[in-house]
Amino acid sequence: TGSGVIIDDQGTIITNYHVSGKAEESYCTLSTNEEIRARLVGGDPLTDIAVIRLDADETARTGVQLRWASLGDSSALEVGQWVLAMGSPLGLSRTMSQGIVSHTERVFPEADLRLQGGERTGFFNTWIQTTAPINPGNSGGPLVDLDGNVVGINARTALFANDLGFAIPINVVREVVAQVLEKGRVARSTIGLECQPLSEMAGHYGA
C-alpha cells in the first residue's frame, strides 16, 4: 500500500518507484472511495519516481469527477516553513500530518534505498527534510505547502527516528515526469567511470 497524487485531467498520478515501479497490477482508491485500476506509464528508480494512469474506461463508468493538484516550486522552500504530508500511513487513508521544513537539500551518499534484487532507488536525489511524520504507506503522497501546492513527493523516513521525514523535491519530480510521459523512461548519459572514497585507496598510494 502506498500513496499518490493526481496531476491532470487524464488521471495521471505521481507516486514512488518503490511503490508501483514493478507492480503488475495497481488499484487506486479515490477520495470518493471508488477503486479504479491503473496502469504503469513508466518509472525512474534513480529518483524513486513512478507515473501511473487511471483506467479511462473505469473512470468514465464510475462517473467520478477527477480533481488534481497543482505543482509548486521546491526551490522556493525555506527552513522553518510549514508543510503538510498527505497519504495513507500504515494503511490509514486520507491522513494529513503537519510539520516544518527542517532542511532543503539533505544528501544520503551511503544510504540509498534498495529494492529486492539490489536495484537502487533515490540515488540521485537531494531530499527535503521535514518534521511532518512520514510513515510506511505515505510513500508517493504529496508534501504540500500552505497555499495547497505540491512541493515534494513523500518517500522515506529514518529508522527509529521521531518527526523525521524526507520528500523528493517537486522540481526534480516535474522533470522526471515530463520525460516518462514523453519517452516512458528517463534518458541519462554516462562517461563510463565509477568512483569510490579515497580513504579505501589511501594506504596503497601512501597517503
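In what order do the strands of the open sheet of 5 strands run? The order is 1-2-5-4-3, and the pairing is antiparallel. Keep in mind as you look around that this is a predicted model. With that said, the sheet is a handy place to start. At its edges sit strand 1 and strand 3, each of which pairs on one side only.

Let's walk across it, beginning at strand 1. Strand 1 and strand 2 make a hairpin, with 5 residues between the two. In that turn you'll find Gly11, whose phi is positive at about 80°. The two strands pair in the antiparallel sense over 2 bridges, and Ile6 has Ile13 in strand 2 as its bridge partner.

Now pause on strand 2, since both of its faces are covered. Thr12 and Ile14 lie on one side, Ile13 and Thr15 lie on the other, and all four are buried. As a cut-off, buried here means under 20% relative accessible area.

The next step takes you from strand 2 to strand 5, joined by 4 bridges and running antiparallel. Thr15 finds its bridge partner there in Ala50. From strand 5 you can carry on to strand 4, which covers residues 35–44. These two strands also run antiparallel, and 6 bridges join them. Pick out Arg39 and you'll see that its bridge partner in strand 5 is another arginine, Arg53. As a bit of background, strands of a sheet pair through backbone hydrogen bonds, either parallel or antiparallel.

Strand 5 also leads us into the packing. The largest nonpolar core has 18 residues. Those with the most contacts inside it are Ile14, Ile49, Ile153, Val173 and Val177. Strand 5 (49–54), strand 13 (149–157), strand 14 (165–169) and helix 3 (170–183) each supply at least two residues of this core. Helix 3 gives the most, with 5 residues.

What does Ile49 touch, leaving aside residues up to four places away in sequence? Its contacts include Ile14, Ile153, Val173 and Val177. Ile168 and Val176 are among its contacts too, as are Thr15, Asn16 and Tyr17. Gly43 and Asp44 are also touched by Ile49. In general terms, nonpolar side chains tend to be buried together in soluble globular proteins.

If you follow the chain past helix 3, you come to Ala187 in the segment after it. Ala187 counts as partly exposed because its relative accessibility is 36%. Measuring C-alpha to C-alpha, Ala187 and Val176 are 9.6 Å apart in space, and they are 11 residues apart in sequence.

Strand 11 (residues 127–130) deserves a look as well. Trp127 and Gln129 point one way from this strand, while Ile128 and Thr130 point the other way, and all of them are buried. Strand 11 pairs with strand 8 in the antiparallel sense over 3 bridges, and His103 has Gln129 as its bridge partner. Strand 11 is also joined to strand 14 by 3 bridges, again antiparallel. Here Thr130 stands opposite Gly165 in strand 14.

Next, the open space. The largest pocket has a volume of about 1,300 Å³. It is lined by 40 residues, and the closest to its centre are Gly4, Val5, Thr29, Leu30 and Ser31. Several elements each supply at least two residues of the lining, among them strand 1 (5–6), strand 2 (12–15), helix 1 (17–20) and strand 3 (26–29). Strand 7 (82–87), strand 8 (95–106) and strand 12 (142–145) do so as well. Strand 3 gives the most, with 4 residues. By residue type, the lining of the largest pocket divides into 17 nonpolar, 20 polar and 3 charged.

Finally, which way does the backbone turn in a couple of loops? Asn33 has a positive phi of about 75° although it is not a glycine. You'll find Asn33 in the loop between strand 3 and strand 4, and it counts as exposed because its relative accessibility is 54%. Arg94, also a residue other than glycine, has a positive phi near 50°. Arg94 lies in the loop between strand 7 and strand 8. Its relative accessible area is 52%, so Arg94 is exposed too; the cut-off for exposed is over 50%.

Methods. Residues numbered from 1 in each chain as written. Predicted model: local features only at pLDDT ≥ 70, side-chain atom pairs only at ≥ 80, totals over all residues. Heavy atoms only, no water. 1 Å grid on protein atoms, 1.4 Å probe; cavity = no way out; pocket = protein on both sides within 12 Å on 5 of 7 lines; lining within 4 Å. Points joined across faces, edges and corners; volume = space filled by probe spheres on them. Nonpolar A, V, L, I, M, F, W, Y, C, P; charged D, E, K, R; others polar. Core = buried A, V, L, I, M, F, W, Y, C linked by side-chain atoms within 4.5 Å. Buried < 20%, exposed > 50% of the residue type's maximum accessible area, 1.4 Å probe, protein only. Contact = heavy atoms within 4.5 Å. Pairing = 2+ DSSP bridges.
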